[in-house]
Structures are given as structure tokens and as C-alpha cells.
Amino acid sequence: MKRMKRASFTAAALLSCTLAFSGCSLISQVVQPDQGQTDEQSNADGQDQDGQDQNGGQDQNGQDQGDENGQEPSADQNGQDQAGGQDSSSDQPASNSSSSTSSADGSTGSDSGAPSGSQGQVSIGESFEDPEMQDKIEVLSAVRNFESSKRASSIELGGEVVLLEVKITPGKKYSGLIQSGAFKISEDGGADFRYDQTDGLEAEMRAAGFEPFEDVSRRDGGTHQGWLAYVPNEKQDTYTIRYERGAGKVMGTDEKVPEFTTTFDIPSV
């Protein structure tokens, strides 16, 4: 009986141990998947965290790259630099233009001679003789762009004051006068001729050292020299002067004297 109880006790103990051992195994099997899921979840969490960290790193790197190499700061900075470069470039030609202007102003090549519009004297050297009256006439020189305050308005409108120097030795065959009106000027190549305008400019001419011409009497003989003044409406490079002595008749006779005409040019300075 005792043996049976002992055997039963022993069997019960063994069963209890077996169950306990098996229960541990079962619990281990049950817990193991939970731990696997926990590990997977941990891995997943780790991946999420890594992903977040990576994304955060990417975002942070993207922001850093955007802040450091972003287009907006670079474009603004480059745009300002380019705009500044354009301003500097536009200023560069202006300074070069100023330099060239200064160089042109400082140049003496074109200023070595008398500039256009300034007063100057030119030699003519023409001479002729009236065959009927035996008057000898020399055309010595001319002054271009004579400075005249009394004809300032004509000069401003494109005209010019021209002085002409003549020397006359009258003939003795006939009497009469050699007048300034015998010398006429043309500013259109000889189509039209105008009288001189010495009257009214005599004071300025004398003040400048140009003695005005006065009518010459043939009876006085001698040699007479003086200046005539002309005021063309339009300034020309050259002018044509015509000397004209009209036809006449000897008093108390039927003798006629034909007219005499000749022309010459006043050159530019």
C-alpha cells in the first residue's frame, strides 16, 4: 500500500514536473513570438527612427544646402553684383567719353591754323588796267570774318563782313572819279552783284587799322590805297568781285568811251 502511494506520489511528482517543464516550454513559445514582434517593432521603430533621422538629416541637410547654396540668396547676391557690374560698365564708357572729349579739347592739331569763323587776312595779288581811261588798279588782299559789332546780327544769321584792299593809280587822259561803287561783290558765283557797305563801318575799320577807301579824282593824280567793306548775307568759301566802269561820252565831242569790266575772286583764309 505504501509502495502504491509512493509510486503514485512519484508519478504525480513526475507529472507535475513534466507539466511544469512543458508549461515553461509553452510559455517560452508564447513569449518568444511576442519578443519577436517586439524585436520587429523595435527594428521597425529603429528603422522609423532612422528614417526620421535620415529624413530629418535630409531635411536639415536640404535646409542647410538651401541656406548655404540656395538659389534665392545666390540670385539676390549675383543679381546685385550683376546690376552693380552693369552700372560700372555703363559708367566706364562715360568716363572714356569724358577722356576722349578732354583729349579732343587738348588736341592742337586742328587748332594750329585759324579756326573757321575767326578773322584772318589773305593775299590776292591781282592787277589790271582800264585801257580807255588808263587807270591802273591793284587788288592787294582781303580780310575774312572781320569782327564787327555793328554787323553782329548779320554775322549771327550766317553772314560775314569782308574787307578788300585796293590800290589805284588814276590815268591822266580823262577827268572824273573812280568810286568805291565800281567794285561789286557776288555771293552766288556771279549771278548777282551788290555794292559795298563801307559807310557805317568806317569807325570800326579805322579802329582796327584798316583805312577806308575814298573816291579818287583823276585830276589829283598820285596813288590811292584803302579798304572796302562788304556784308554778304550768306558766308561762302570764295566770293567774286567785279570791277565795272560804265560807258561814257567825252563832253563837247561825239567820242564815246566803251565800258570796262573785269572780275577776280576773294579766296578763303
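In this predicted model, the side chains of Glu244 and Arg242 meet in a salt bridge, with 3.1 Å from N to O. Glu244 is partly exposed, at a relative accessible area of 25%, and Arg242 is likewise partly exposed, with a relative accessible area of 25%. The pair is one of six salt bridges found in a search of the whole structure.

Two further salt bridges involve buried residues. Arg218 forms one with Asp135, and the closest N and O atoms are 2.8 Å apart. Because Arg218 lies in the loop between strand S6 (216-217) and S7, and Asp135 in the loop between S1 and S2, this pair ties together parts that are 83 residues apart in sequence. The relative accessibility of Arg218 is 6%, so Arg218 counts as buried. Asp135 also counts as buried, at 0% relative accessibility. The other salt bridge joins Arg144 and Glu160, whose closest N and O atoms are 2.7 Å apart. Here too distant parts of the chain are linked, since Arg144 is in strand S2 and Glu160 in the loop between H3 and S3, 16 residues apart. Arg144 counts as buried at 2% relative accessibility, and Glu160 is buried with a relative accessible area of 1%.

Strand S2 belongs to an open sheet of four strands, in the order S1-S2-S3-S7, with antiparallel pairing. S1 and S7 stand at the edges and have a single partner strand each, so one side of each is left without a neighbour in the sheet. Direction ignored, neighbouring strands of this sheet are turned by 20° against each other on average. In general, strands of a sheet pair through backbone hydrogen bonds, either parallel or antiparallel.

The pairings can be followed across this sheet. S1 and S2 pair in the antiparallel sense over eight bridges, and Val122 has Ala142 in S2 as its bridge partner. Strand S2 (residues 136-144) pairs with S3 in the antiparallel sense over seven bridges, with Val143 opposite Leu163 in S3. S3 in turn pairs with strand S7 (residues 224-230), again antiparallel and over seven bridges; there, Val162 stands opposite Tyr230 in S7. How enclosed is strand S3 (residues 162-169)? Six of its eight residues are buried, so strand S3 is largely enclosed by the rest of the structure.

The loops next to S2 contain two residues with positive phi. Gln134, in the loop between strand S1 (120-129) and S2, has a positive phi of about 65° although it is not a glycine. With a relative accessible area of 38%, Gln134 is partly exposed. Asn145 lies in the loop between S2 and helix H3 (152-156). Asn145 is not a glycine either, and has a positive phi of about 55°. At 14% relative accessibility, Asn145 falls under the 20% cut-off and counts as buried.

A further open sheet is formed by three strands in the order S5-S8-S11, and the pairing is antiparallel. Strand S5 (183-186) and strand S11 (260-266) are at the edges with a single partner strand each, so one side of each is left without a neighbour in the sheet. Neighbouring strands of this sheet are turned by 25° against each other on average, direction ignored. S5 and S8 pair in the antiparallel sense over four bridges, and Ile185 stands opposite Ile241 in S8.

Ile185 also lines the largest cavity, together with Ser186, Glu187, Arg194, Tyr195, Gln197, Tyr230, Val231 and Pro232. Tyr230 is the residue opposite Val162 in the S3 and S7 pairing. This cavity holds about 40 Å³ of space, and a search of the whole structure finds one cavity of 30 Å³ or more. By class, five residues of the cavity lining are nonpolar, two polar and two charged.

The largest pocket has a volume of about 370 Å³. Which of its 20 lining residues lie nearest its centre? They are Met133, Ser175, Arg218, Arg245 and Gly248; Arg218 is also the salt-bridge partner of Asp135. Strand S4 (177-178), strand S8 (239-245) and strand S9 (248-249) each supply at least two residues of the pocket lining. S8 gives the largest share, three residues. The pocket lining has ten nonpolar, five polar and five charged residues.

How values were computed
Residues numbered from 1 in each chain as written. Predicted model: local features only at pLDDT ≥ 70, side-chain atom pairs only at ≥ 80, totals over all residues. Heavy atoms only, no water. Buried < 20%, exposed > 50% of the residue type's maximum accessible area, 1.4 Å probe, protein only. Pairing = 2+ DSSP bridges. 1 Å grid on protein atoms, 1.4 Å probe; cavity = no way out; pocket = protein on both sides within 12 Å on 5 of 7 lines; lining within 4 Å. Points joined across faces, edges and corners; volume = space filled by probe spheres on them. Nonpolar A, V, L, I, M, F, W, Y, C, P; charged D, E, K, R; others polar. Axes fitted to C-alpha atoms, helices over the stretch in contact; angles between N-to-C directions. Salt bridge = Lys/Arg side-chain N within 4 Å of Asp/Glu carboxyl O.
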